[in-house]
Amino acid sequence: MSVKASWDIFCVVVDNYGDIGVTWRLARQLVAEHGQCVRLWVDDLATFARLCPGTSATAGQQWHEGVEVRHWSPEWSGAEPADIVIEAFACQLPAAYIEAMEASGRRILWLNLEYLSAEDWVVGCHALPSMQPNGLQKYFFFPGFEQGTGGLIREGDLLARREAFQNDSTLREAFLHGFDLNVQPGARLLSLFAYENPAVAGWLDALTADRRSSHLLVPEGRVLADVAHWLGLEQLSAGDRHVRGALQIDVLPFMTQNQYDMLLWCCDFNAVRGEESFIRAQWAGRPLVWHIYPQEEDAHWDKLNAFLDLYLRDLAPGPAGALRNFWYAWNAGEGSAAAWSSILEHEAELNAHAERWTHKQVANGDLAGKLVFFYTDWL
Ligand code: TRH
């Protein structure tokens, strides 16, 4: 049984949707599944509104799905600190808020929720405390893919919902019809969410020339310019449909997180990016390619390799090599056409492996549950 407590989650939107995507999902789950009282402080309501339609881009305070969403403006107006304070991804809490934590005289659990990484040092650093200059202690909470980490965000009923959806073709058809999509029987269904990426062209060439038809679904976003360029067009927008050889491309609107989950569940293969869509594609139980968020001095390649080493550990050399090569080509921006043909040779093994991986991750526990347990234990 969870102790009912108050939580303040602070989120700075650096760019894109990952920071708010993670914190919004976590906030909702803490409320819905653990009965917690959660305030989410976000500095960019316009980006939040893309994930949560119905959001006011100007309201200082609003409620969505039981979460109190507060606009975190540069002029801090003051607030009583919560029992648990999460600064997401090392964002800087307002100085006055830290002072209020100190002055409260209460025991407040202060956590920094870190970015996701499969690197092996994560297990050793997870949940370590660090003494702050003002005498308060801050803990570093690392999500991750191994037992000794904070796990991944996963709603309690997610796998059951996903399996029910994937086992009932009428649900899939209804979802796709909602976007005015009819998938040809036998066609391979693919989704594409990525940063700007020159490797997309080679992949589309390979799909066009394939013996089997493919249907590619692209929610609006940064990669669209590459798809447009490949099609010889100035631009693309939601609702556009184009056919080249064996490939049909449909551009979809940017959808809610729940709809995006269903899109991932529908597809035979998903191209995802960043942190959050990367996790959601793993819960889909289908093979994926990850366009990792590029970092300075190519630091992201270590992260990419660490994940691949873990993910491919129990897979035979043929399919493991095929997937690794495709991920390398995707992130290097070249060579994706040849790498894709090896993926197709190992489709069945890669499918089975993706499902096995999902269940292995479930066994590690989930981030919200681990946070609540950490708090209870700390008390
Ligand atoms: O948007 P991102 O590129 O976010 C990135 C990463 O988190 C990165 O680590 C971080 O440093 C950087 O932001 C600042 O990719 P990500 O993490 O996959 O977040 C996308 C979110 O958008 C995710 O919650 C899924 C959601 N989404 C929708 O809700 N609807 C959609 O149609 C699509 C395509 C995505």
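This is a short dialogue on reading the ligand site and pockets of a predicted model.

Colleague: What should I know about the numbering and the model?

Modeller: Residues are numbered from 1 along each chain as its sequence is written, and side-chain values use heavy atoms, leaving out hydrogens and water. The model is predicted: local features need pLDDT of at least 70, side-chain atom pairs count only at pLDDT 80 or more, and totals for chains, interfaces and linings use all residues.

Colleague: Which residues come nearest to the ligand?

Modeller: A residue is near if one of its heavy atoms lies within 4 Å of the molecule. Here 22 residues surround the ligand, and Asp 15, Tyr 195, Met 255, Glu 276 and Ser 277 come nearest.

Colleague: Which side chains have an N or O atom paired with a ligand oxygen?

Modeller: A polar contact is a pair of N or O atoms within 3.5 Å. The side chain of Tyr 195 has an N or O atom 2.5 Å from a ligand oxygen, and for Ser 277 the distance to a ligand oxygen is 2.6 Å.

Colleague: How is empty space found, and what volume does the largest pocket have?

Modeller: Rolling a probe the size of a water molecule over the atoms shows where empty space is left. A pocket is an open set of points, on a 1 Å grid over the protein atoms alone, where a 1.4 Å probe fits, with protein on both sides within 12 Å along at least five of seven lines. A volume is the space filled by probe spheres set on the points, which are joined across faces, edges and corners. The largest pocket has about 770 Å³, and the second largest about 190 Å³.

Colleague: Where does the ligand sit?

Modeller: A molecule sits in a pocket if more than half of its atoms lie within 2 Å of its grid points. The ligand sits in the largest pocket.

Definitions and conventions
Polar contact = N/O pair within 3.5 Å; in protein donor to acceptor, adjacent residues only side chain to side chain. 1 Å grid on protein atoms, 1.4 Å probe; cavity = no way out; pocket = protein on both sides within 12 Å on 5 of 7 lines; lining within 4 Å.
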